[in-house]
Every structure is written in C-alpha cells, then in structure tokens.
Amino acid sequence: MGNEMMDQEERLDRVMREVKRVRSAPSLRMVNGSGQSLFGRFHLPGMDKKYFSLLFACVLFVPLLPHALYLVEDDDGVNYRFYGRIGMGRLWRLLTPGERRDLLVSVARVPLVRIALVVLAMVLVYQGMAALY
C-alpha cells in the first residue's frame, strides 16, 4: 500500500512537471456551432479539483479534431481556470494502462463525442463500400 501511494505521488509529480503553463486561455467560442470546446474530465489521484480536459475543434456542435489536453479547474461549471497544457503523447507515456483507459472513457462519455464517433464510423464504412464498386 505504501509503495502504491508513493508510485501515485511520483507519477503525479512527473505529470505536473510536464504540464506547461499557458499565458492565456484558449478561445472556447462557438459561432453557429463551429469553434472550440472542452470535453471530458480526467483526474489523477491527488489532483483535488483540477482535471485534464481535451480541447476539440467542433463543427455543428460535433467535436471532430482534438487540439490539446489542458489542466483546468471549473469555478462554477461555466467558467474555467487554465493551469497549463500537456501533449497527449507525453501524458500517455506517463500513465498506467488503467489510467489511459480512464482518460479515453472520460472523453467517450460525452454525448457529442459519441455522435462524432458514429459519424466517423459511418464515413469509414461508406468509403469502404465505395471502394468495392
């Protein structure tokens, strides 16, 4: 138990060292359903109220392209405080397999992300069928 706790603390320290401070928050503005928005909440043990969230480019309110992973805290469910940014690959290498799964699940739980995955699957199937003819 003691070693496991130490491993969690060490991993959290390593992750936090990789988080780069941001000078300003990214624009979360949407115009006619197009813009950027945060999706998912991924906590590591010991993070208190802070969590990681993925910034996506959206079209017609559907998240299509992940931009970056931000360390944020929400004040009231509407306003965010941005602490920093970390590359998805960097964070991925520092996480355990269980934490990686939890990160993916936190994003996949968002209904709009599910819609985007269904649309992507439909496009891939359509392209596959079109290639047959």
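A polar contact is a pair of N or O atoms within 3.5 Å. The legends below use the term in that sense and describe a predicted model.

**View 1. Gln36 and its surroundings in strand β2.** Gln36 has its place in strand β2, and a polar atom of its side chain lies 2.9 Å from the backbone oxygen of Ser27, which falls within the 3.5 Å limit of a polar contact. Leaving aside neighbours within four places in sequence, the residues in contact with Gln36 are Ser27, Leu28, Arg29 and Met30, together with Leu55, Phe56 and His67.

**View 2. The protein chain and its order of elements.** The protein chain has four helices and five strands, and, read from the N terminus on, its elements run α-β-β-β-β-β-α-α-α. Of the 133 residues in the protein chain, 32% are buried. Among contacts between residues at least 6 apart in sequence, 47% join residues that are at least 24 apart.

**View 3. The open sheet and its edges.** Five strands, in the order β1-β2-β3-β4-β5, form an open sheet with antiparallel pairing. The edges are taken by β1 (30-31) and β5 (80-86), each of which has a single partner strand, so one side of each is left without a neighbour in the sheet. Helix α3 (residues 97-108) packs on this sheet, where α3 touches β2 and β3, and the direction of the helix makes about 135° with that of β2.

**View 4. The hairpin of β1 and β2.** Strands β1 and β2 pair in the antiparallel sense over two bridges, and Val31 stands opposite Ser34 in β2. The two strands form a hairpin with two residues between them, and in the turn Asn32 has a positive phi of about 55°.

**View 5. Strand β3 between its two partners.** On one side, β3 (residues 51-59) pairs with β2 (residues 34-42) in the antiparallel sense over six bridges; Leu38 stands opposite Leu55 in β3, and the bridge partner of Gly35 in β3 is Cys58. With strand β4 (residues 62-74), β3 pairs in the antiparallel sense over nine bridges, and here Cys58 has Pro63 as its bridge partner in β4. Cys58 is thus a residue to follow across the view, with Gly35 as a partner and Pro63 as a partner in β4. Strands β3 and β4 form a hairpin with two residues between them, and Leu60 in the turn has a positive phi of about 55°. Strand β3 is mostly covered, with seven of its nine residues buried.

**View 6. Aromatic rings around Tyr80 and Phe82.** A search of the whole structure finds four aromatic pairs. In the pair formed by Tyr80 and Phe82, the ring centres are 6.3 Å apart and the planes stand at 55°, so the pair is tilted; an angle under 30 degrees would count as stacked and one over 60 as edge-to-face. Tyr70 joins Tyr80 and Phe82 in one aromatic cluster. The two rings of the tilted pair belong to residues with separate accessibility classes, because Tyr80, at 30% relative accessibility, counts as partly exposed, whereas Phe82, at 16%, counts as buried.

**View 7. Ser24 and Phe82, brought together from separate parts of the sequence.** Ser24 lies in the loop between α1 (2-18) and β1 and, at 55% relative accessibility, counts as exposed. Although Ser24 and Phe82 are 58 residues apart in sequence, their C-alpha atoms are 7.9 Å apart in space. The view therefore sets an exposed residue, Ser24, beside the buried residue Phe82.

**View 8. Lys50 over the ring of Tyr83.** Lys50 lies over the face of Tyr83, at 4.3 Å from the ring centre.

Definitions and conventions: Residues are numbered from 1 along each chain as its sequence is written. This is a predicted model: local features need pLDDT of at least 70, side-chain atom pairs count only at pLDDT 80 or more; totals for chains, interfaces and linings use all residues. Side-chain values use heavy atoms; hydrogens and water are left out. Two strands pair if DSSP finds at least two bridges between them. Contact means heavy atoms within 4.5 Å. Axes are lines fitted to C-alpha atoms, for helices over the stretch in contact, and angles run from 0 to 180 degrees between N-to-C directions. Rings of Phe, Tyr and Trp (its six-membered ring) pair if their centres lie within 6.5 Å; planes under 30 degrees apart count as stacked, over 60 as edge-to-face and the rest as tilted. Buried means under 20% relative accessible area, exposed over 50%, partly exposed in between (1.4 Å probe, protein chains only). A charge sits over a ring if NZ of Lys or CZ of Arg is within 6 Å of the ring centre and within 35 degrees of the ring normal. A polar contact is a pair of N or O atoms within 3.5 Å; within protein, one must be able to donate a hydrogen and the other to accept it, and residues adjacent in sequence count only if both atoms are side-chain atoms.
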